[in-house]
Structures are given as C-alpha cells and as structure tokens.
Amino acid sequence: MSATIEMMSTPMDRREQLIAKLAPLGVSFGYQNTRGDWVETATETLERVAPSFDREPDAMTAPPLVCTPGRWHPELFGTLILEDGIHFQCHGVVDVPGYHILYTRDGVRRFVIAAPEHLRTPERGWGWQIQLYAARSRGSWGIGDFRDLALICRIAASQGATCVQVSPVHAIAPLPNPQPSPYSPASRLFLNMLHIAPGAVYGAERVDLTDLDAAGRALNDGRMIDRDRVWALKNEALQRIWAVIKDEPNVEFRAWETEQGLQLQRFAVWSAIAEDQQHADWRRWPEELRRPDSPGARKFAEEHRDRIRFHIWVQYVASVQYRDACHAGSGVDVIADLAVGFDAGSADAWAFQDMLDFSFEIGAPPDSHNTEGQRWGLPPFNPRALVQADFAPFIEMVHSALRYAGSLRMDHVMQLWRLYWVPVDASAADGVYVYYPVDALLAILRLEAMRVNAWIVGEDMGTVAEGVRETMAAIGMLGNRSGMRTPISEFPVLGVGTSSTHDQVTVAGLLTGSDVADLKRIGKNADWAHIERTRRLMAEMAHIDPERPLSMISETDVKAAVLSRYRLLSDADSLMVVVNIDDVAMVRERPNMPGTVDSYPNWRFALPRPVDDIMTSELAEDLVTLMHEDR
C-alpha cells in the first residue's frame, strides 16, 4: 500500500515531504536575495541534502545551554561539572564563565556555555588594511612575512593608528606548489610557514643562509609572487637551522608543544604524510592513512618521528614570530582574518572528516555583484555533528585565532547563522541554506574574546539573513562595510569601514578603467552601467572631468581620487575605518577576482614598492592627517 502511495505522489507532494522533514532541522526551502525576491530551493537539491540529516540524535543528550554567569536560568538544574573539573548541584545559577557539562535530574547531558552577554567594542579610530603576502620589505624573501608585519605595526603605531587588518595567515600544505589563496587553507588552527622570516629564527645565526637570502631578496624584483620558489628557499633554510638546533633542549618550545595538544600532533602527522605521498589530499592517500586515528596513521607517525618533530618546530617558529609581530606596535590591535572554511583535502578536513559533508561546498548565491554566484571549494560542517562534538572544532579555531591578535574578523559572518551549501557537481544557483546553532556559536565567540579582551568584526556584506545585523549590534559585534558596495554615508556606527575588500576594485582600478578591462578580458559579466556611474561619481568628487579619456588619467588624478575617497571614509560614522594600502600604492589590480581560477592571477600581486616606503609616502602622510582630523 505504501509503495502505491509513493508511486502516486506528485513532485509537489515529495517537495512538501522534504520540507516537512528538513525545515525543523535547519534546512531552508528558499531565501530572499539581495533584490528582495524570494528564491525557491530546488527540490533536487533538497533530495541531495536530506541524507546529511538522517543521523538520529542521542536521546540522552539535549541541545546546548547558553547562560550568563551570575544570572538565573530556568534550565540550569542538576549536577554541573565546571571546565576545571569541580562539580556541584546547580540550582539555576553558575558564576564561572566557561564551558561546563550539566547532567539534569533525568540524567540528560547538556553542554553549557556560560558567556558574557556583550563583546568589548573599540574606541573610535583608524588603521591599515593589508594583504600580508603582498606587503614586502627590502629584506623579504619574495613574500610579506611576520617580520614585515611587525614593521607595519610599528609604523602604524607611530602614525597613531589603532589597528592593522591582515589577510588570513592560516597554514598551507608543506609541498612545492603552495596554495595561493589565504581563504582556502590547510588548517585554520595553525600558521603559514611562508610568512616565517628565516633570518629571524633562533639558530639562524649559526647557519650560513647567505645564498638563500640573496636568492630570496632577488624575488622582490618581480611584481608577481612566486610561491613555489619562496617555499623552496624557506623550506631549505628551515631545514638547515633545524639540523643545528634540533637536539638542543628548549623549554619554551616544549611548553608550547604541550599546550597545543592533539591537533598540533595531527597537523604535523598530516604534513609528514603529505610530504611522503607528495600530495596533500588525504582522500587520495592509501586507505590505511586516510584517518588520523587509524593504525596505519599511528604506525606512520612512529616511523617518521623526526620529520613530525620538524613540522611541530616549524609551527612553533611561526607562532613566536606572529606573536612578536602582533605585540610590536603599542596600542595597535592586529585584526586577524578568519577564513570561512578549509580545503576539502586539507589537514583540518582530515582531522574533522566525520563532521563534514563532502558532497557539498560552501558558496554564495547569485547577487547583483556576483551574478553567477560563488563556490569556494570548502566542505561545510554538519551542524548536528558540531553540536554532538560540543563545538570542539569551532572553539579550538577561535581560541587559536585570538591567541595573539587583538581582534578577529570573521569572513562571511553569516556562517554563524547559516551557510549556503552548493552541490559539488552543480552550479552556485542550485545551493541551499543550512542553519547553524547561532546562539551557541555567538556565546563561544563572546567567551573567547572576553578571555583575551579582544573585539570581534563580522564581515556582513552580500546576502544577509533577516535579524543578523540586529543581533550583531545587540552583542557589540562590529559589522564590516565596503564603500564599493554600500554608500559610506550608510556605514553603521558599530562597524569597520573600508573603501574596498580583497575581492573588489581599487580606487586606481576604477578611475582608470583598468578593472573593467580586466573583467572583459577574462570574460566576466558585470553591470557595466553601474560601474560607469560609480566611476564618474568618483571622478566628480575628486574634481576630475568624468569625460576625460581613460588614457589621460594621470597619477596626480589617482592621488586626488584617493584623498577624496578617504576624506569621506574618515568622516564615516563607523567606530573604525581602515586604509587599504593598495589605494595608497595606487595599485590597479584586485587581489582576487571572484569566480576565477586560472584566468586571473589571484593572490599573486605584490605591492609595487616596499611596504614601509608606501606607508611613509607623501600620499600616506596626507591620509594619516585626514584620519586624525575626524578620528
């Protein structure tokens, strides 16, 4: 009988069945796009996502409980085990912030997050916006490094800036062809070894690095970053240093290693296997190595102990240099940029594979700025799996990101509320929004930020769900606005304002028309009329004749446009604004062209001059003066 009913059911009946099953689990059957139109999720997509939500929850585990320390909560009754191991009978109130475990009187287990209600907000100020890989000094080895970041922070402090926003510095695979995108990392828990300055490593003074140093500095002569060559030189330098110091006792190194725990060990094992296999994607490794807890992986770790120690030490070196850079500028908070995900073949994917859905990737639906939508090649966490794991991957990630930085910028902050899942073999338009336990995730952010007195920025551009910005404002999370998407006059008070992001056109690129030329050359679609209106407005604001032929736009014109643009930005209502160093360097190219892989040299453009020269140039001094007039 049931089979007969199934055969007689219509496509609409099937859709309704799917919605009835999936909607209570946080799977959306549609969304409102940036134009305000309702877009239905394809039934086929609902069919494909349904198996991801088949796993039954544990009957003796209830949803997480979020509470405020010192405030009564009606569900906080039972045996409470504090994160330090102390336990007691709780009667509605816990005074200690932290992650606790509650066993109710019925024996049900609940993960408790006792967090402050609000985040710290910074004073009104300004800072710099930097793509670290592009920000080379004369001593760099072809790519911006942590020593350069320290220099940037010192200069920023001398100029009265209060923050430096930096591109993600997440870890990459230790292989000869490094992934260029800082937003597709191997791990968000650890650091990119390409940003290590070998000459500043303890032990470097006892090793001859003159040949490598000369070759590294020679890479600064080219505008395009050669990560393959950078990796080869820095890897060789670190190998030489390690050979000299590896048998020496180092108390600080040992203490740091112990503090990092299991995830550091797993990352180092993954790195060693990737080297051995000459491929980072663990899904293509021999079967016995595809799980971190497998007998094969344990045997490999035993047999390659020395190599694993090297990778642990490399992360220690990176951590020390990043720490020193973050603390280099008195009064300057480094804003660490947190990528929305990690590559499907990465160390984090290997470590957390049971919590991920590899049949989908994170992306964004089509909108007026990206008419084809976006797909980022990053596997999403299953929200139910995160809950069952007491949010361990998220807690570890936030804790790691805030270890030294004074602030955290969450790329695509809507990830806390929902993520757009795109089937791996479909277009971005065929995606579906999946909702996450936002109250718990926000509480974790508040708790981790409180512990280090940090402030949090959420990148909330593009398609934003109803209520997201209101919730951010209510808890003190700063939004993030770009003048290339939103009129500067509409920037919120609780926000970080910028002229453009890494995905958007620079002032010079817009004014000279070079960005349009790039778009057309690689076959990208865009709203050409809107771009031209924006260009003409920018020209008029800088007292440049908008009819002037693009070939006649001079460097003086670009400087005038930059000053005009940042005069508006400095006067914005937002608590914080950042000066994009690309504009000060009058760079015409975008760092990244969304939706492209090989047709545009994404993440490969270095700044045209040493970063310290740019930050102390005449145009930079004029912009610093502008910032201090209104901030």
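## The loop around D573

D573 is placed in the loop that connects α19 (555-570) with β21 (576-580), in what is a predicted model throughout. Because its relative accessibility is 45%, D573 counts as partly exposed, the range for that class lying between the 20% limit for buried and the 50% limit for exposed. Leaving aside residues up to four places away in sequence, D573 is in touch with R124, F491, P492 and V493. Its C-alpha also lies 7.6 Å from that of S489, although 84 residues separate D573 and S489 in sequence.

## The sheet of five strands

One open sheet is built from 5 strands in the order β3-β7-β6-β4-β5, and the pairing within it is mixed. The edges are taken by β3 (65-67) and β5 (87-91), each of which has a single partner strand, so that one side of each is left without a neighbour in the sheet. On average, and with direction ignored, neighbouring strands of this sheet are turned by 35° against each other. As a general matter, the strands of a sheet pair through backbone hydrogen bonds, in either the parallel or the antiparallel sense.

Two of the pairings in this sheet involve β4. Strand β4 (residues 77-81) is joined to strand β6 (residues 98-103) by 3 bridges in the antiparallel sense, and within this pair L80 stands opposite L102 of β6. Helix α14 (residues 438-452) packs on the sheet, where it touches β3, β6 and β7 (109-114), and its direction makes an angle of about 135° with that of β6. The pairing of β4 with β5 is likewise antiparallel and rests on 5 bridges, with F77 standing opposite H91 in β5. The hairpin formed by β4 and β5 has 5 residues between the strands, and in this hairpin G85 takes a positive phi near 100°.

## The sheet of four strands

A further open sheet consists of 4 strands in the order β14-β13-β16-β17, with antiparallel pairing. Here β14 (374-378) and β17 (432-435) stand at the edges, and since each has a single partner strand, one side of each is left without a neighbour in the sheet. Neighbouring strands of this sheet are turned against each other by 45° on average, direction again being ignored. Between strand β13 (residues 360-364) and β14 there are 3 bridges in the antiparallel sense, and the bridge partner of G363 is R375 in β14.

## Buried elements

Which residues of α13 are buried? They are P393, F394, I395, M397, V398, S400 and A401. With 7 of its 10 residues buried, helix α13 (residues 392-401) is therefore largely enclosed by the rest of the structure.

Strand β11 (residues 187-191) is mostly covered as well, 5 of its 5 residues being buried. It is joined to strand β10 (residues 170-171) by 2 bridges, and the two strands run antiparallel; in this pairing, H170 has L191 of β11 as its bridge partner.

## The second largest pocket

How much space lies in the second largest pocket? Its volume is about 470 Å³, and its lining is made up of 23 residues, of which N33, T34, G462, T463 and V464 lie nearest the centre of the pocket. By class, the residues of the lining divide into 6 nonpolar, 10 polar and 7 charged. Strand β1 (residues 30-32) supplies the largest share of this lining, namely 3 residues.

## Positive phi outside glycine

Two loop residues that are not glycines take positive phi values, and each can be placed with respect to its flanking elements. N453 has a positive phi of about 55°, and is found in the loop between α14 and β18 (455-458); α14 is the helix that packs on the sheet containing β6.

H543, in turn, has a positive phi of about 60° without being a glycine. This residue lies in the loop between α18 (528-541) and α19. Is H543 buried or exposed? Its relative accessibility is 76%, and H543 therefore counts as exposed, the limit for that class being over 50%.

Key
Residues are numbered from 1 along each chain as its sequence is written. This is a predicted model: local features need pLDDT of at least 70, side-chain atom pairs count only at pLDDT 80 or more; totals for chains, interfaces and linings use all residues. Side-chain values use heavy atoms; hydrogens and water are left out. Two strands pair if DSSP finds at least two bridges between them. Axes are lines fitted to C-alpha atoms, for helices over the stretch in contact, and angles run from 0 to 180 degrees between N-to-C directions. Contact means heavy atoms within 4.5 Å. On a 1 Å grid over the protein atoms alone, a cavity is a set of points where a 1.4 Å probe fits but cannot get out, and a pocket is an open set with protein on both sides within 12 Å along at least five of seven lines; lining residues have an atom within 4 Å of a point. Grid points are joined across faces, edges and corners, and a volume is the space filled by probe spheres set on the points. Ala, Val, Leu, Ile, Met, Phe, Trp, Tyr, Cys and Pro count as nonpolar, Asp, Glu, Lys and Arg as charged, and the others, Gly among them, as polar. Buried means under 20% relative accessible area, exposed over 50%, partly exposed in between (1.4 Å probe, protein chains only).
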